Amino acid sequence: MQQKRLADQEKKRYKADGGYSLVEVIVAVAILVICVIPLLSSFALTAQTNAKARQMLNGTTVAENVMEDIKSKGVEHFGVKSGDTVSINSKLYDVYTADIPNYHYDGKNYQVSVEMVPSSGKYTDASALVPADKYYNEEKLSEIYQMKKETDAIYVQDKNTLYEQIDDYYKDHVFDSSVTPETIADDIRSEYTFKIKKASGFITVTEDVEFIYRDKNEALKATIDTNKIFDSLQTREDLRNLYIFFVPGKENVIHIENTSDIPLQVYLVKQNSATKEDVTLEVTESAHGGSALTKIATNLDITDAAHTEFTKLRVNNIDRTLTDAVSVLGMTGLVMEEDDNTKVYDVTISVKSQSGKELATITGSSLK
C-alpha cells in the first residue's frame, strides 16, 4: 500500500514537470497569431498614414517657402512671361509662370509649378468725394510698397484702429452727456511722437499717440498707444526708413525726434481722407546745421503755401516757412510709378511628388 502511494506521487510529480503538450503549444500559437496579425496591420497602416501626412506637410511647406521667395524677389524676377495675357478693363497684362522640377526639401525632391496672373481685384476708394470701386492694377503705386520690416520702422493707423483708440479714450474719461465717440472723432487733436535713438550701437524707434479733447474748456489728455516699432538688435540691420500712415483728425501734430542724428527717410502718408485737415510737423535733431539728416516724403501738399495742410513746420525748435522746410528737410512728394505696370498678382502654387502625386496647392498675392 505504501509502495503504491509512492508510485502515484512519483507519476504526479513527473506529469507536473512534463511541460506543455504539442496540442497546447499549437493552440497557444494560433491564438497569438490571431491577436498579433491585426496589430501588425494596424502598425503598418499607422506608418503609412504618418508617411503620407509628412509628405503632405512637406508639400505645403514647400509651397509656402516658394510663396515667400516670390514676395521677396518679385513676380517679374521670379517667373517668366508665359505668352498668355489677361484683360482688365480693356487693358492687356502679361501672365507669368515658373516651373521647378527638383525643389529639394527634407531630403526629397518635389515638382513645383507656379502661375502668377495679374489681379482683377477691386477696392473701394473711400477717400474720394464719391466712393467708387477701382481696379488695383489701374492705380499708380508709390515707392512705399518696397518697405522691409528688417530695415524699416512702420506705424499704420487705419480707420478701424483709430475708432478703437477713440473708444478706449472715451471709456477712460468722464464726459458731458452730449459727448459721444463720434463727436470726439470729429473734434480731437491727435499727437504722434516718434523717437529714434541709438545706444550701444543699436537703433530703436518708439511711437506714442496722444489724444486731446476739450470738454467744457478742459483739455482731457491721454496716451492711448505706446509701442516699439523697430529694434536693430532684433533685425540685425540698420534703420533706413520710417513709415507713418495716419488717419487725420481735426488737428494733427507729428513729432519726429531724431536726436541721435541718424540719416533717415520718413514717409508721411495721410490716409482715408479727401478733405483738408491741419497738420503740424516738428523735426528735432541734435545737430543744428543746414540740411537736416531727416528727409520727408509725403502725399500732403508741399507745392502751394496758400493751400498746404501744413499749418506749422518746425525744425530744431525754429518755425519754418513751407519753402524753408522743403529745403531743409528735402521734402518731396511720394514717387509714383507709371500706371501701365502691373503691380498686384494672384499667385497659385502647386506641389507634386516626383511620382506626380498632388501634395499641396496654395494661393496668395504678390507684387511685381
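In the predicted model, Asp172 is exposed, with a relative accessible area of 61%. The residue is placed in the loop that separates helix 4 (159–171) from helix 5 (181–186). Together with Asp158, Glu164 and Asp168, Asp172 forms a negative surface patch. Because the residues of such a patch must have over 30% relative accessible area and take part in no salt bridge, the 61% found for Asp172 satisfies the first of these conditions.

A second patch is nonpolar in character and covers about 320 Å² of the surface; its members are Val25, Val29, Val33 and Ile37. Of these residues, Val33 belongs to helix 2, which spans residues 22–73. Val33 has a relative accessible area of 40% and is therefore classed as partly exposed.

The strands include an open sheet of five members, arranged in the order 6-10-12-14-17 and paired in parallel. Strand 6 (152–156) and strand 17 (332–333) occupy the edges; each has a single partner strand, so one side of each remains without a neighbour in the sheet. Within this arrangement, strand 12 (residues 264–270) and strand 14 (residues 294–298) run parallel and are joined by five bridges. Leu264 is positioned opposite Thr294 of strand 14.

Nine salt bridges are present in the structure. One of them is formed by the side chains of Lys270 and Glu309, with an N to O distance of 2.9 Å. Lys270 is part of strand 12, whereas Glu309 is located in the loop between strand 14 and strand 15, so this salt bridge ties together parts that lie 39 residues apart in sequence. Both Lys270 and Glu309 are buried. Elsewhere, Arg189, Glu191 and Glu251 are joined into one network by salt bridges that share partners.

A further salt bridge involves Asp231 and Lys228, whose closest N and O atoms are 3.5 Å apart. The two residues differ in exposure: Asp231 is buried, with a relative accessible area of 11%, while Lys228 is exposed, at 53%.

The side chain of Asp106 also takes part in a salt bridge, meeting that of Arg54 at 2.8 Å, N to O. The two residues are 52 positions apart and belong to distant parts of the chain, with Arg54 in helix 2 and Asp106 in the loop between strand 2 and strand 3. The flanking strands of this loop comprise residues 91–105 and 108–118, respectively. Asp106 has a relative accessible area of 36% and is thus partly exposed.

The backbone of Asp106 is also notable, since most residues other than glycine have a negative phi. In Asp106, phi is positive, near 55 degrees, although the residue is not a glycine. A positive phi, of about 65 degrees, is likewise found in Asn317, again a residue other than glycine. Asn317 is situated in the loop between strand 15 (310–315) and strand 16 (318–320). With a relative accessible area of 56%, Asn317 is exposed, whereas Asp106 is partly exposed.

Conventions
Residues numbered from 1 in each chain as written. Predicted model: local features only at pLDDT ≥ 70, side-chain atom pairs only at ≥ 80, totals over all residues. Heavy atoms only, no water. Patch = residues over 30% accessible without salt bridge, like charges linked within 9 Å, V, L, I, M, F, W, Y side chains within 5 Å. Areas by Shrake-Rupley, 256 points an atom, 1.4 Å probe, with all protein chains shown as cover. Salt bridge = Lys/Arg side-chain N within 4 Å of Asp/Glu carboxyl O. Helix = DSSP H or I, 4+ residues; strand = E, 2+ residues; numbered from the N terminus. Buried < 20%, exposed > 50% of the residue type's maximum accessible area, 1.4 Å probe, protein only. Pairing = 2+ DSSP bridges. Lys, Arg positive; Asp, Glu negative; His and termini not counted. Charge placed at Lys NZ, Arg CZ, Asp CG, Glu CD.
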